[in-house]
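Colleague: Could you take a close look at one part of this model for me, the open sheet, and then place it among the side-chain contacts found elsewhere? I would enjoy a connected walk through it.

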Amino acid sequence: MQVYNHPNNLFVADFVGNPSINFINAKGEQDSSGALKLKVFDGEEITFTPSGNFSLADWYKSRDEGIEQEKEKERLLSQEKGYVEKANKDEVFKYPVARVNDEQGFAEKEEAALSNGDFVLGVRPEFIQIGEKGMFSAEICGAMPTGLESTIKLKIKDYLLTSVVFGGVTFEIGSKHAINFTGSNILLFDRKSGKCITSGSLSK
């Protein structure tokens, strides 16, 4: 449960959990209140509020210092006798973003060079709540009841999200509903490094 709730990076977050975590690309910055004003789903605005006091600038500084230390460590190792350079270079995990594409099913849009301010939100399926009022309007495009719970596929614009609804609830394919992202354990990842920055809550 520690790994499930507090993964160190995108790969671990994706590897642990069934159904898999939802990844949502986001872009924005931290304001004076400590909250992050983000844009998701091609322009929709949303606010991420970190759990506790958190400085994004300090996190970036620590990340960059860590990268430089690793580079220096590699440089020193390369000077040692018998050193063999790794054939498989470390790369940031290519996380899946589910999108609707009539010809190819799911596709991930190619992105420009990443910089500070490029994030990924990680939302576990059980944190997506379907109701009458919510942050976004979504269309039901898949529903799989399994008894105690149902796995629901939701479409927002061209994006697909997976929700888990507990209880004997049924949904009509094609119907539209409001959704909320609930709880304080929504994960914020740095797209540049793939590392988990912090957890928090979402509001609109």
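**The open sheet and its surroundings**

Modeller: Happily! Let me start with a pair of strands: β7 (residues 149-156) and β8 run antiparallel and are joined by 8 bridges. Please keep in mind that this is a predicted model. One pairing to look for is that of K153, whose bridge partner in β8 is T162. The two strands form a hairpin with 2 residues between them, and there K157 takes a positive phi near 55°. As for β8 itself, the strand spans residues 159-166 and is mostly covered, with 7 of its 8 residues buried.

Now widen the view to the sheet. It is open, has 5 strands in the order β5-β9-β6-β7-β8, and its pairing is antiparallel. The edges are taken by β5 (128-131) and β8; each has a single partner strand, so one side of each is left without a neighbour in the sheet. On average, and with direction ignored, neighbouring strands here are turned by 45° against each other. Put the two views of β8 together: this strand stands at an edge of the sheet, and yet 7 of its 8 residues are buried. As general background, strands of a sheet pair through backbone hydrogen bonds, either parallel or antiparallel.

The hairpin also leads us to the charged side chains. K157, the residue with the positive phi, is linked with E44 and K204 in a network of salt bridges. Across the whole structure, a search finds 9 salt bridges.

One of them pairs D118 with K27, and their closest N and O atoms are 3.0 Å apart. D118 belongs to strand β4 (residues 118-123) and K27 to strand β1 (residues 22-30), so this contact ties together parts that are 91 residues apart in sequence. How covered are the two partners, then? D118 counts as buried, at 7% relative accessibility, whereas K27 is partly exposed, with a relative accessible area of 45%.

Helix α3 (residues 56-78) offers another setting. Within this helix, E68 and K71 lie 3 residues apart, about one turn, and their side chains meet in a salt bridge at 3.9 Å, N to O. E68 is partly exposed, its relative accessible area being 49%. Also in α3, R75 and E72 are 3 residues apart, again about one turn of the helix. These two form a salt bridge as well, with 2.7 Å between the closest N and O atoms. Both partners are partly exposed: R75 has 39% relative accessibility, and E72 has a relative accessible area of 36%.

Finally, a word on the cysteines. Searching the whole structure for disulfides gives 0. For orientation, C141 counts as partly exposed, at 36% relative accessibility, while C196 is buried, with a relative accessible area of 19%. The cut-off for buried is under 20%, so C196 falls on the buried side at its 19%.

If you go back to the viewer, I would begin at K157: this residue sits in the hairpin of β7 and β8 and also takes part in the network with E44 and K204. From there you can follow β8 along the edge of the sheet.

Technical notes: Residues are numbered from 1 along each chain as its sequence is written. This is a predicted model: local features need pLDDT of at least 70, side-chain atom pairs count only at pLDDT 80 or more; totals for chains, interfaces and linings use all residues. Side-chain values use heavy atoms; hydrogens and water are left out. Buried means under 20% relative accessible area, exposed over 50%, partly exposed in between (1.4 Å probe, protein chains only). Helices (H or I, at least four residues) and strands (E, at least two) are DSSP runs, numbered from the N terminus. Two strands pair if DSSP finds at least two bridges between them. Axes are lines fitted to C-alpha atoms, for helices over the stretch in contact, and angles run from 0 to 180 degrees between N-to-C directions. A salt bridge is a side-chain nitrogen of Lys or Arg within 4 Å of a carboxyl oxygen of Asp or Glu. A disulfide is a pair of cysteine sulfur atoms within 2.5 Å.
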